Amino acid sequence: MKLTLNKLRISVLLGAVVAITSSCTWEPSDDFRPATFPATAEVFIDGFSGGLEYLPFEGSKLDAFTVDTEEFYAGTASMRFDVPNVGDPDGAFAGAIFPDYGGRDLSGFDALTFWARASKAATINEIGFGNDFGENKYNTIINGLRVTTAWKKYTIPIPDPSKLTKEDGVFWYSEGPEGGDGYSFWVDEVKYEKLGTVAQPRPAIQNGEDVEVQTFIGSNVSVAGLTQTFNLVDGTNQTVTTTAAFYTFTSSDPSVATVNELGVVNIIGTGSTVITAELAGVKAAGSLTIESLGAFTAAPLPNVDANNVISIFSDAYTDVAIDYYNGFFTDGFQTTLGGNNLLINGDRIINYTELNFVALKTLNTVNASEMTTYHVDILVQEPEIKPDDFIRILLLDAGPDGELGTGDETESSFTIPSSDLASNEWRSFDIPLSSFPGLNTSNLSLFFFISDGTNTSNPGSITNILVDNIYLYR
């Protein structure tokens with residue numbers, strides 16, 4: 001989601017102008033102290049605390065937030081949020097940040113707390129602090145906060161309070177319709193507290209799993225799945241999703257890869273290294289093992305005239321807008337991870353792992369009725385390709401109405417046999433659209449890659465591929 005400010009802010013620095021010449025220098029005295037910021041705990045107690053602003057997300061219902069003097073947990077007012085119905089012309093969801101751009105020192109607190117209730121039992125998509133429409137350096141979120149019709153106190157633990165000596169983003173939320181319907185929820189007594197009962201910190205990277213990735217010199221990989229779990233005074237465990245800035249990362253072999261403070265791993269040599277992390281001195285569960293295969297050989301550069309191409313994914317052409325690179329199906333069968341997540345020496349690469357099937361979807365349907373051929377470059381990363389392995393290309397047309405799920409779709413597939421694939425070597429495929437029998441091509445929408453990993457009894461199947469240069473041409 002693109003976040004934009006709804007107002008322009010001009011900061012003017014007032015004060016004396018000090019001329020510094022070559023004949024004089026300035027050194028801090030023993031009494032010099034760095035600038036500090038107020039340790040304001042209150043966010044909303046019957047009204048905004050000083051300096052707080054309300055900035056909705058782009059595309060959200062702009063008036064979703066109001067101050068309600070009729071419904072509150074304590075005092076005289078609460079924050080009311082009205083989530084729109086599906087199709088509401090005023091916005092697709094409710095969401096906003098409440099920043100204090102003067103900055104606050106929150107290092108003396110260990111949690112953001114608030115009371116909340118809703119007009120019906122619901123699950124708020126995201127709620128937290130650290131979102132300031134800037135770098136969101138310490139963005140911390142509870143994903144899927146369950147609320148009921150009764151008032152209840154909620155706690156969002158701070159992963160490492162010592163980091164928050166100047167925090168602008170003191171509260172934010174984002175929520176959409178549930179079951180197509182909107183609803184209202186209220187939040188009250190929003191403040192930072194030093195509870196002293198936020199205990200047993202359990203940080204994790206890669207969602208606590210030991211993940212292995214194969215890649216190449218010149219690429220970078222970001223450490224993902226950053227969470228911190230605390231035990232609260234009522235005995236429950238609360239997990240928050242947070243950012244790399246809270247962590248300290250280590251590479252076991254910096255000659256293979258280095259890792260910066262943002263958790264970005266830069267591959268500089270051949271071999272293996274293990275990325276681990278700590279948060280506030282506590283070792284994080286999970287790791288990221290990088291196996292660098294050395295120098296990367298790019299896919300062949302396309303040479304078809306751009307005037308005769310509809311590009312789905314290629315740095316050689318201008319692509320159509322993409323809705324997603326990995327449409328995860330909810331039937332529990334799909335295992336594929338990854339997507340447009342590799343950048344090697346400036347070259348974008350799609351990287352699918354644990355592949356059984358996956359769909360890439362264009363934002364709008366593609367009229368390929370004048371095209372004759374489908375092109376794709378595929379590199380299989382398995383060390384061995386077995387005789388019964390394959391990759392199937394399936395194309396789906398949304399039908400005359402351009403909408404999926406209305407019953408007028410057509411689909412057809414073409415199977416690439418193992419004999420046409422090679423281990424760790426790019427293979428280019430130019431498949432006539434006539435090889436997709438029964439397929440309409442005036443409203444193409446989904447582009448599938450299917451491997452023999454769909455056969456769960458075949459443990460040696462193709463599950464890791466790189467993909468580049470997906471386009472249609474005539």
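This report describes the overall make-up of a predicted model and then turns to one group of paired strands and three individual residues.

**Overall make-up**

The chain holds 33 strands and zero helices. Its C-alpha trace extends over about 75 × 60 × 50 Å along the principal axes. Of the 474 residues, 48% are buried. Among contacts in the chain with a separation of 6 or more, 73% are between residues 24 or more positions apart. The accessible surface amounts to about 22,300 Å², and carbon and sulfur atoms contribute 50% of that area. The chain carries 25 positive and 61 negative charges, and the mean positions of the two sets lie 7 Å apart.

**Strand β26 and its partners**

Strand β26 covers residues 347-353, and five of its seven residues are buried, so the strand is largely enclosed by the rest of the structure. β26 pairs with strand β25 (residues 337-344) in the antiparallel sense through six bridges. The two strands form a hairpin with two residues between them, where Asn345 adopts a positive phi near 50°. β26 also pairs with strand β33 (residues 465-473), again antiparallel, over three bridges.

Tyr352 of β26 illustrates both pairings. Gly338 stands opposite Tyr352, while in β33 the bridge partner of Tyr352 is Ile465. As a general point, side chains in a regular strand alternate between the two faces of the sheet.

**Ser314**

Ser314 lies in the loop between β23 (309-313) and β24 (322-324). What does the side chain of Ser314 reach at 3.1 Å? The partner at that distance is the backbone nitrogen of Ala316. The Ser314 side chain also makes a polar contact with the side chain of Asn469, at 2.7 Å. With neighbours within four places in sequence left aside, Ser314 is in contact with Pro302, Asp319, Arg348, Asp468 and Asn469. Ser314 has a relative accessible area of 1%, and it counts as buried because this is under 20%.

Two of these contacts lead back to the strands described above. Arg348 is in contact with Ser314, and β26 spans residues 347-353. Asn469 is in contact with Ser314, and β33 spans residues 465-473.

**Ile124 and Gln238**

Ile124 belongs to strand β7 (residues 122-129). Beyond residues up to four places away in sequence, Ile124 touches Asn143, Gly144, Leu145, Val147, Ser174, Glu175, Glu178, Tyr183 and Phe185. Ile124 and Leu55 are separated by 69 residues in sequence, and their C-alpha atoms are 18 Å apart.

Gln238 sits in strand β16 (residues 237-241). Gln238 touches Ile142, Thr155, Pro157, Gln228, Thr229, Phe230 and Leu232, with residues up to four places away not counted. Is Gln238 buried or exposed? At 18% relative accessibility, Gln238 counts as buried, because the cut-off is under 20%.

The table sets out the accessibility of the three residues.

| Residue | Relative accessible area | Class |
|---|---|---|
| Ser314 | 1% | buried |
| Ile124 | 0% | buried |
| Gln238 | 18% | buried |

Conventions. Residues numbered from 1 in each chain as written. Predicted model: local features only at pLDDT ≥ 70, side-chain atom pairs only at ≥ 80, totals over all residues. Heavy atoms only, no water. Helix = DSSP H or I, 4+ residues; strand = E, 2+ residues; numbered from the N terminus. Buried < 20%, exposed > 50% of the residue type's maximum accessible area, 1.4 Å probe, protein only. Contact = heavy atoms within 4.5 Å. Areas by Shrake-Rupley, 256 points an atom, 1.4 Å probe, with all protein chains shown as cover. Lys, Arg positive; Asp, Glu negative; His and termini not counted. Charge placed at Lys NZ, Arg CZ, Asp CG, Glu CD. Pairing = 2+ DSSP bridges. Polar contact = N/O pair within 3.5 Å; in protein donor to acceptor, adjacent residues only side chain to side chain.
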